[in-house]
Amino acid sequence: MNEALAVGSLAYDIRMKRVGEVMEEYGTRYMLRPVHGGCEWDVLREHVRPATTADRLSAALAERNANSVREGAVWG
């Protein structure tokens with residue numbers, strides 16, 4: 001589905017609908033990590049593509065919203 005993604009590049013997992021940083025490529029899989037840390041996950045090569053600007057913005061907005069909910073629970 002795509003050319004090889006470089007370690008350190010951002011990729012979009014089309015099955016999980018998540019953006020992650022490519023940590024490793026092995027065989028037919030990639031290891032991705034959430035952009036701002038967290039647990040890595042693996043994904044088949046055919047289910048990943050380079051992240052677009054829209055993917056990156058969507059991921060950033062989702063993270064900000066999640067942080068806002070957590071902060072609201074502390075201050076609310």
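Here is a short walk through the structure, one selection at a time. Keep in mind that you are looking at a predicted model.

**The whole chain**

Start with everything shown as a cartoon. You should find one helix and five strands. Follow the chain from its start and the order reads β-β-β-β-β-α. The C-alpha trace spans about 50 × 25 × 20 Å along its principal axes.

Now switch on the surface. The accessible area comes to about 5200 Å², and carbon and sulfur atoms hold 56% of that. Of the 76 residues, 25% count as buried. If you color by charge, look for 10 positive and 11 negative charges; the mean positions of the two sets lie 5 Å apart.

**Strand S3**

Next, select residues 29-34, which make up strand S3. How many of its six residues are buried? Five of them are, so you can think of S3 as mostly covered, with buried meaning under 20% relative accessible area.

**On to S2**

Add residues 18-26, strand S2, to your selection: S2 and S3 pair in the antiparallel sense over six bridges. To see one facing pair, show glutamate 21 and look across to arginine 33 in S3, which stands opposite. Then go to the turn of this hairpin, where two residues sit between the strands. Glycine 27 is the one to click on here, with a positive phi near 60°.

**Then to S4**

Return to S3 and add residues 41-44, strand S4. This pairing is antiparallel too, and it runs over four bridges. Which residue of S4 stands opposite leucine 32? Tryptophan 41 does. The hairpin of S3 and S4 has six residues between its strands, and glycine 37 in that hairpin takes a positive phi near 95°.

While the side chains are on, here is a general thing to look for: in a regular strand they alternate between the two faces of the sheet.

**Arginine 56 in the helix**

For the last stop, select residues 53-75, helix H1, and pick out arginine 56 in it. Is this residue buried, partly exposed or exposed? Arginine 56 counts as partly exposed because its relative accessibility is 42%, a value between the 20% and 50% cut-offs.

Show its partners next: leaving aside residues up to four places away in sequence, arginine 56 touches Leu10, Val19 and Ala51. Val19 falls within the residues 18-26 of strand S2 that you selected earlier. Finally, draw a distance from arginine 56 back to tyrosine 30: C-alpha to C-alpha they are 18 Å apart, with their positions 26 residues apart in sequence numbering.

Key: Residues are numbered from 1 along each chain as its sequence is written. This is a predicted model: local features need pLDDT of at least 70, side-chain atom pairs count only at pLDDT 80 or more; totals for chains, interfaces and linings use all residues. Side-chain values use heavy atoms; hydrogens and water are left out. Buried means under 20% relative accessible area, exposed over 50%, partly exposed in between (1.4 Å probe, protein chains only). Two strands pair if DSSP finds at least two bridges between them. Accessible areas come from the Shrake-Rupley method with a 1.4 Å probe; for residues, only the protein chains shown count as cover. Lys and Arg count as positive and Asp and Glu as negative; His and the chain ends are not counted. The place of a charge is taken as NZ of Lys, CZ of Arg, CG of Asp or CD of Glu. Contact means heavy atoms within 4.5 Å.
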